[in-house]
Amino acid sequence: ENVGIISAVSEFPETLESASIFPNPAFDQATLIADLASSLSNNGEAQLAIYDNTGRQLTEEMVELRSGINQFDLPVGNLSSGHYLVRLNWGTEQFTQSLFVR
C-alpha cells in the first residue's frame with residue numbers, strides 16, 4: 001500500500017530524548033537506538049517500519065518500548081542499495097529518520 005511521501009523529521013517528539021541509526025549507510029544490518037524520557041507514561045508496543053523513497057512500507061514489526069534506552073535491530077540485507085526511511089510510532093508520537101543502504 002502506498003502511503004505517500006514521508007520526510008525525515010528534524011526534531012524529536014516530546015517523549016524522545018535522542019535517537020540514532022548506525023551504521024548509516026548500512027550493508028546487512030543497522031541498529032536504531034532510541035532513548036525515551038522517563039516521563040513516558042505508557043510503556044508498551046510500538047510499530048517499527050521501513051519505507052522506500054516513494055512512501056511504500058517494506059517492513060513492519062511490533063516492538064516493546066520502555067523508558068530509557070531501547071535498541072532495535074533493522075535487518076536491511078534484503079533491501080536494494082538506496083535511501084529508506086525508518087519510522088517508529090508509539091501512542092500519538094512518531095520518529096522518522098533516513099537510512100542509506102549500500
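This report covers the sheet, the nonpolar core and the ring contacts of a predicted model.

## Sheet

Four strands form an open sheet. Their order is 4-3-6-7, and the pairing is antiparallel. Strand 4 (57-65) and strand 7 (93-101) are the edges, each pairing on one side only. From one strand to the next, the twist averages 20°.

Strand 6 covers residues 82-90. Strand 6 and strand 7 pair in the antiparallel sense over 9 bridges. Across this pairing, R87 stands opposite T96 in strand 7.

## Nonpolar core

The largest nonpolar core has 24 residues. Within this core, L32 and L88 have the most contacts. Several strands feed the core: strand 1 (16-22), strand 2 (29-36), strand 3 (44-51), strand 4, strand 5 (68-75), strand 6 and strand 7 each supply at least two residues.

What does L88 touch, leaving aside residues up to four places away in sequence? The list includes L32, A34, A46, L48, V63, L65, F72 and F95. L88 also touches Q47, E93 and Q94.

## Rings and charge

How many aromatic pairs does a search of the whole structure find? The count is 0. A ring pair needs centres within 6.5 Å.

One ring does have a charge over its face: R87 lies over Y51, at 5.7 Å from the ring centre. The cut-off for such a contact is 6 Å, so R87 qualifies on distance. R87 thus appears twice in this report, over the face of Y51 and opposite T96.

Terms used: Residues numbered from 1 in each chain as written. Predicted model: local features only at pLDDT ≥ 70, side-chain atom pairs only at ≥ 80, totals over all residues. Heavy atoms only, no water. Pairing = 2+ DSSP bridges. Axes fitted to C-alpha atoms, helices over the stretch in contact; angles between N-to-C directions. Phe/Tyr/Trp six-rings, centres within 6.5 Å; stacked < 30°, edge-to-face > 60°. Lys NZ or Arg CZ within 6 Å of the ring centre and 35° of its normal. Core = buried A, V, L, I, M, F, W, Y, C linked by side-chain atoms within 4.5 Å. Buried < 20%, exposed > 50% of the residue type's maximum accessible area, 1.4 Å probe, protein only. Contact = heavy atoms within 4.5 Å.
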